Amino acid sequence: MAKKPADLLPGTLDMLILKAVSLKPLHGYGVLLRIAQISRDVLDVPQGSLYPALYRLEHQGLINAEWGESENKRRAKFYTLTPAGRKRLRDETASWNRLVSAIAHSLSATPDEV
Amino acid sequence: MADEMRAHLEMRVEDLVTAGTPRTEAERRARVEFGSIDGAKEGCRQARGVSFADALRQDFRYALRGLRRSPGFALLCVGIMAVGIGANTAVFSVVNAVLLKPLPYRDPRRIVTLSNVVKTRPALNALAKQVSVPDFQDWHDQSTVFDAMAYYGTRRVSVTVGTSAEYARLTRVTREFFRVFDVQPVAGRPFTADEEKLGAGAALISSAYARQHYVEPSRAPGQVLRVFDRPVTIVGVLPQAFDFPDGTAIWFPATTIADPSATQRTANNNRAIGRLKRDITLPEASAEMTSIARRLEQAYPQSNSGKGLALTPLLDDTVGDAGAMLYLLLGAVGLVLLIACANVATLLLAKATGRTHEMAIRAALGASRSRIVRQLLVEGFVLAIVAGAIGSVAAVWGTRALVAIAPTQVPRLAQAGVDGPVLTFTLLVCSVVSVLFALPPALQVSQVDANESLQAAAGRTVVGGRGRQLRDVFVVTEIALTVILLTGGGLLLRSLVALQHVSLGFRPEHVLAMEATPQSRQRAAAFFTGLLTDVTTLPGVVAAGAINAPPGNVDSTGTYWIDHLPKELNLGSAPPTVMSVVAPGTFMALGIPLQSGRDFREGDAAGAPRTAIINESLARQAFRNSDPLGHVIFCAFDSLEPMTIVGVVGDVRQYGPAREASPECYLPYLQHGFNNATLSIVVRTSGDPGLLADTMRQKAHERSPDVSVKATTMDVLVGEHFAAPRFRAVLVALFGAVALCLALAGIYGVMAYTVAQRSREIGLRMALGATAQNVLWMMLRQGGQIVAAGLLIGLVGAAGMTRLLTTFLFEIRPNDGITYASVVALLGVMSTLAIYFPARRSSKVEPLIALRAD
């Protein structure tokens, strides 16, 4: 049974793109598929906002773009992570984990703990 | 971007098709999933930021709109900059034509002149660079660094074309002369070997001369001219641009004329020129030639000891000392441009301060500091370009005016014009000055704290302390630069006045000088004797004489010995003297006082005992306090015969008013047949000498129809000495005056602005009890401080800069107190006025109105 796709939280798309690209250089469509794959098809990236995000990250120097050839011999722009992007991904991951555990902890609080 | 998105869609479609969706349905779904492609593109563009080119285009649009919105302000800025840029363009067009344009010959950098150098004394004029034929032959035969080497001698001669005689420049050249310049005749042919033999009569002429006399060059070959009283056949015509040296019309093989001096190493009558081999540098060539000269010194100590050799690129030799003067003018006009920049910067700063609010809003809306600075720079650039365009158009006339008033000694002036290289220079200047005047205000205003400025009530401008400081710095700069320019101009003007007060040693007013050359050298003496008889009897003639070169136009120099010749003639160590050939009556006609002895008389003729008259300098140098009359003088001139000194005359400043008189020896024209073929008849008249010119010409032609004549007044000839000093003094003073106006406008503007800005403060002071007097004083003091600082810095700068003027000054030292005091007084008074008027307005502020103003 297909799981219902979840909406992305604001601000998380950049982080997901960085993660996807960190695993292997990808073209835009590849990023889309990779995010779907690593989120086990839970997260659905709106295709219209993918490219602005990619250009923004490129402009910030977090990813690099280079024209290359796709697996089925098609010209495509491949994105790779820059050292600055790697650092950003590390920072974002750490702070995301802190946030998630804090929220999880908060939500699991019981009246006894108050 | 579009490619990337198309690739994305296609990949999606393929995936869907693989998954079993029909292609059309897959394409539709891919599109729907993607959403708006244009939206995505726009998002990408925003994410990437606005491109540089787009932003620049936007900045230009803004700048033009801004200038249109305040036309008065724009006009003022453009006007000031147009004056600065236009003046620079005009001066540069002259510098370019005279100093920078390559000479119009093939590979002109390889052409060098070879000049004599007497190691013991500096060269007085171009005559000193002349070389002798035997020296030249040795240089030519022993050197290995030249492709071609030639000597030439040039003078104006009488040429008869058809029936009329006129002066034309004739140059005797040796075989390799045309190879030095790499020129070939455009019509006819070069000289053949036979035409270079003694007595042959072949000539090449210039294109200009061919057009003047034969309509077009192709008709000239075969035509016959009369030169030196013999027929000469034109064999070829040289190309349009070629008239070396000095606008030559006719070239002639030097070897066809018998030249008795061609065997003497002391007869330095020719200039030498050569084309260096392709891979030879000037220092390499100089080294070789110097060692050849040293060998000649050892081989011929009598004539050559102390004689050296200098190689000079032909361009440098042509330009001579015009270069220093032109660079001086370029420097002066550059200062004017700097002052204009400071002026416009002040204006822009005032305007920018008024725009603080606009800038704050733009900063608040996300414009980065660099973006704001860039926009203001673009505004400045647009201003400069508009000003540059107007200035360039004005410079077309400016250049013509410069050429018209420039001294005739400056070469290559005719080519001056606003052309490609000049416009490139102007564009470069525009770019540089736009940064100079736009950057400081831009940096200043972009520093504004958006928050603070927006919180301040609209309309009430934030006058930052720094804004005022910067304005003051600009005004101080303007004043300081103006001091430097005015001081320079003042020194040059005072030198000019001093020059004009120097006594030249003769009285040029009321003197007509008519140069005449009869066709036949043999009949020359008879012609001049007859003509002088005719002229003396003309009404209005007070005195008449004849001289080979009128004062100030030294034609010959030589060396002299008193009483007896040394056993070994060493021309290098013998004292030099100017040699002149004169007719009786010449000293009286020119107003040269006879100090002792007698003038020449008709008896001092060929066959009679040889006589000479010396000037005071030679008498002082050779005889100290004893009486020179009756002593014998020998001159290395045309012969070494002894001549008895019969008179002493006063000194004449032959090399212009700035140079001390030098020793001179005058010889009677009838005893020196070789040197009297061309004489200038000098006539002192009771009335306007110019009126006599026609009668004199007529008398000359009555005596001999084929004589060439050229008449001018002595005043005109003397005026040429003052042309260069006048040119530079007038121009630098003019630039100083422009600078003064700009600086005064700057002071006035800043004071007026300050008063307007501080009216609230002044109102408050007055409300609290300050009198109008107090306020006036306060403002005067503030303005006075700025002016005083400018004057002080300017004086220090002037003390340094005017040292560069030393070579142009005469009897005035660069630290001339009177000049400095006058400049300080002038600037002080004028700027006090420029401060006073706005300051007075401040004391008229009505406290209540000022305080309620906002």
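This is a short chat about the contact between chains A and B and the cores of a predicted model.

Trainee: Anything to know before I start?
Mentor: This is a predicted model, where local features need pLDDT of at least 70, side-chain atom pairs count only at pLDDT 80 or more, and totals for chains, interfaces and linings use all residues. Residues are numbered from 1 along each chain as its sequence is written, with chains lettered from A and ligands numbered from 1 in the order in which they are written.

Trainee: How many residues does the contact take from each chain?
Mentor: Chain B gives 18 residues and chain A gives 15 residues. Two residues are in contact if their C-beta atoms, placed from the backbone, lie within 7 Å.

Trainee: Which element gives the most on the chain B side?
Mentor: α1(B) does, with seven residues. Helices (H or I, at least four residues) and strands (E, at least two) are DSSP runs, numbered from the N terminus.

Trainee: Which residues of α1(B) are buried?
Mentor: B:E4, B:H8, B:M11, B:R12 and B:V13. Buried means that 20 or more other C-beta atoms, placed from the backbone, lie within 10 Å of the residue's own.

Trainee: What covers them?
Mentor: The cover includes α2 (28-38) and β3 (75-81) of chain A, along with α2 of chain B.

Trainee: New topic. Which strand gives the most to the largest nonpolar core?
Mentor: That core has 119 residues, and strand β2 (residues 146-161) of chain B gives the most, with eight residues. A nonpolar core is a set of buried Ala, Val, Leu, Ile, Met, Phe, Trp, Tyr and Cys residues joined through C-beta atoms within 7 Å.

Trainee: And is there a second core, separate or joined?
Mentor: Separate, with 112 residues, including B:I85 and B:V445.

Key
Buried ≥ 20, exposed ≤ 12 C-beta atoms within 10 Å, placed from the backbone.
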